[in-house]
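The following exercises concern the packing of helices in a predicted model. Each task is followed by a worked solution.

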Amino acid sequence: MTVERLACCPVTPLMPPAMKALSVSMLSADFGRLNEEVELVNAGAADLFHLDVMDGRFVPNISYGFPVIKAIAAKARKPLDAHLMIVEPDRYIESFHALGVAYLSVHYEACIHLNRTLQHIRSMGMKAGVALNPHTPASLLADSLHAADFILIMSVNPGFGGQAFIARSLHKIAALKTLIVRENAATLIEVDGGVATHNAGLLYDAGADILVAGNAIFGADDPLRAMAELKGAGHD
Ligand code: DX5
Ligand code: ZN
């Protein structure tokens, strides 16, 4: 995190993070060596496998779908955290459950009946998450917080890995944390996009419970060290 970003985004931690977890985005993995990449995450300090599902409609990119997730699930020894960047996510909730997904997030912008969708996810025994595009304010979640186990704040415009962190996302983490406290909710905060060792500490300290990182791990010279550094960032 540069001094300039710090100066534009002063953030006072409201309370210590409930948890400091790391979810590894497989979007940046080498799919020609998928088993090895999964084993790397199994061996590292990460807590979750982050699976970015893109349909070419909700976002301008198409990533991967059920066969690839099935292959990852077969080797993964950590829970699967699927992030659906798709329209009409309700149509696929059962399918993701059948693949063994434990955390399932849908986009606020893609759900007409958001609370019903979250109820459906929970009814299958999965943790229900709401993802917010950078333009969507946290305040819109006041009437959904109790229906959600976690909120995923997109800190890049969704669709691609390896983009630069949007500094304003720090304000959104703080605003969401304030809302969670005010509503007396137990909702966790996940932050996704442009997370790296230079900003991970600030994000945890601002209130993030789960950080997602792809390029910062698979693009690193030493991915195991990168996972350990990301996971250990911030104050205890
Ligand atoms: C973007 C995805 C992110 C992305 C993160 O649409 O939701 O999960 O893969 O990648 P990095 O960490 O490289 O920004
Ligand atoms: Zn994601």
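**Exercise 1.** Determine which exposed residues lie on the face of α9 turned away from its buried side, and where the buried residues lie.

*Solution.* The face of α9 turned away from the buried side carries the exposed residues R225 and G232. Next, consider the buried residues: in helix α9 (residues 223-232) these are P223, A226, M227 and L230. They span an arc of only 100° around the axis, and therefore lie on the same side of α9. In an α-helix there are 3.6 residues a turn, so residues three or four places apart point the same way. Finally, the partners of the buried residues of α9 are β1 (21-25), α2 (34-43), α7, β8 (210-213) and α8 (215-218).

**Exercise 2.** Describe how α6 and α7 are oriented to each other.

*Solution.* The axes of helix α6 (residues 169-182) and helix α7 (residues 197-206) come within 9 Å and cross at roughly 20°. Angles under 35 degrees count as roughly parallel, and α6 and α7 are therefore roughly parallel to each other. In the contact, L170, I173 and A174 of α6 meet L202, L203 and A206 of α7. The residues of this contact comprise six nonpolar, no polar and no charged.

**Exercise 3.** State at what angle α2 and α3 pack, and classify the arrangement.

*Solution.* α2 and helix α3 (residues 66-75) pack at about 45°, their axes being 9 Å apart. This makes α2 oblique to α3. The crossing of α2 past α3 is right-handed. From α2, residues L34, N35, V38, E39 and N42 meet V68, A71, I72 and K75 in α3. The contact residues divide into five nonpolar, two polar and two charged.

Conventions. Residues numbered from 1 in each chain as written. Chains lettered and ligands numbered in written order. Predicted model: local features only at pLDDT ≥ 70, side-chain atom pairs only at ≥ 80, totals over all residues. Heavy atoms only, no water. Axes fitted to C-alpha atoms, helices over the stretch in contact; angles between N-to-C directions. Helix = DSSP H or I, 4+ residues; strand = E, 2+ residues; numbered from the N terminus. Parallel < 35°, antiparallel > 145°, perpendicular 65-115°, else oblique. Contact = heavy atoms within 4.5 Å. Nonpolar A, V, L, I, M, F, W, Y, C, P; charged D, E, K, R; others polar. Buried < 20%, exposed > 50% of the residue type's maximum accessible area, 1.4 Å probe, protein only. Arc of directions from axis to C-beta. Left-handed = near helix turned anticlockwise from the far one by under 90°.
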